[in-house]
Amino acid sequence: MKPSLKSGLKHSFSYQVPATKTVPHLYDEAPQLQIMPDVFATGFMVGLMEWTCVQLLEPHLDEGEGSLGTHIDVSHKSATPVGFTVTVEAECVELRGPRAKFKVSAHDGVDEIGAGTHERFIVGWDRFERGIAAKRAKGPAKVDA
């Protein structure tokens with residue numbers, strides 16, 4: 001992690017909502033979700049908030065580093081139809097060693113659709129992959145996807 005990563009850094013990211021990011025597409029195998037309205041899904045909003053925080057962090061990480069989401073506490077307050085552009089604002093509000101905490105909000109041009117906090121843990125990918133390999137070795141037999 002570079003010394004340029006500091007509290008107070010901000011980043012904004014805009015994304016036009018396609019039909020594939022609506023509630024019926026969250027889990028294609030879930031019939032209960034297939035009958036839901038075609039509006040931006042909460043799960044995809046959370047992912048967009050994470051993506052924005054990853055973009056904020058990216059220039060401040062060393063080669064071979066990345067980040068993993070460890071906590072999310074957000075509300076989803078308003079539905080967003082397909083075709084609207086959602087803009088996420090992220091601000092790094094706290095750094096504790098390899099942990100970064102962000103204030104996040106999302107707006108669709110009409111309403112604030114979500115807001116809250118998100119935390120990410122900065123990791124070296126090599127070390128992370130070693131940990132995952134050890135877990136795989138203890139887990140169930142390999143299943144074809």
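Here are four short exercises, each with a worked solution, on the predicted model shown above.

**Exercise 1. Taking stock of the chain**

Find how many helices and strands the protein chain has, and describe the order in which they follow one another.

*Solution.* Start with the count: the protein chain has 3 helices and 5 strands. Next, walk along from the N terminus, and the elements read β-α-α-β-β-β-β-α. For the overall dimensions, look at the C-alpha atoms, which fill a box of roughly 45 × 40 × 20 Å along the principal axes. Then turn to burial: 28% of the 145 residues count as buried. The accessible surface is about 8,800 Å², and 56% of that belongs to carbon and sulfur atoms. For charge, tally 16 positive and 19 negative side chains; the centres of these two sets lie 8 Å apart. Finally, consider the contacts between residues at least 6 apart in sequence: 67% of them join residues at least 24 apart.

**Exercise 2. Assembling the sheet**

Work out the order of the strands in the sheet, and identify which strands form its edges.

*Solution.* Begin with β1 (residues 10-16), which pairs with β3 (residues 85-96) in the antiparallel sense over 7 bridges. Within this pairing, Ser14 has Thr87 as its bridge partner, and His11 stands opposite Ala90. Now step across β3 to β4 (residues 99-107): these two strands run antiparallel and are joined by 9 bridges. One of the bridge pairs here is Glu91 with Lys103. Putting the full set together gives an open sheet of 5 strands, ordered β1-β3-β4-β5-β2, with antiparallel pairing. The edges are β1 and β2 (65-76), each of which pairs on one side only. From one strand to the next, the twist averages 25°.

Now add the helices. Helix α2 (residues 42-57) packs on the sheet and touches β1, β2, β3, β4 and β5 (112-124), with its direction at about 50° to that of β5. Helix α3 (residues 125-138) also packs on the sheet, where it touches β2 and β5, and its direction makes about 90° with that of β5.

**Exercise 3. The hairpin turn and Pro98**

Decide whether Pro98 is buried, partly exposed or exposed, and list its contacts beyond four places in sequence.

*Solution.* First locate the turn: β3 and β4 form a hairpin with 2 residues between them, and Gly97 in that turn has a positive phi of about 60°. Pro98 also sits in the loop between β3 and β4. Its relative accessible area is 32%, and because this falls between the cut-offs of 20% and 50%, Pro98 is partly exposed. Leaving out residues up to four places away in sequence, Pro98 touches Met1, Arg120, Phe121 and Ile122. As a distance check, the C-alpha atoms of Pro98 and Asp73 are separated by 19 Å, with their positions 25 residues apart along the chain.

**Exercise 4. Val82 and its surroundings**

Explain why Val82 is classed as it is for exposure, and find which residues it touches.

*Solution.* Val82 lies in the loop between β2 and β3. Its relative accessible area is 38%, so Val82 counts as partly exposed, given that buried means under 20% and exposed means over 50%. Setting aside residues up to four places away in sequence, Val82 touches Val17, Pro18, Ala19, Thr22 and Asp38. To finish, compare sequence and space: Val82 and Thr20 are 62 residues apart along the chain, while their C-alpha atoms are separated by 9.0 Å.

Note on methods
Residues numbered from 1 in each chain as written. Predicted model: local features only at pLDDT ≥ 70, side-chain atom pairs only at ≥ 80, totals over all residues. Heavy atoms only, no water. Pairing = 2+ DSSP bridges. Helix = DSSP H or I, 4+ residues; strand = E, 2+ residues; numbered from the N terminus. Axes fitted to C-alpha atoms, helices over the stretch in contact; angles between N-to-C directions. Contact = heavy atoms within 4.5 Å. Buried < 20%, exposed > 50% of the residue type's maximum accessible area, 1.4 Å probe, protein only. Areas by Shrake-Rupley, 256 points an atom, 1.4 Å probe, with all protein chains shown as cover. Lys, Arg positive; Asp, Glu negative; His and termini not counted. Charge placed at Lys NZ, Arg CZ, Asp CG, Glu CD.
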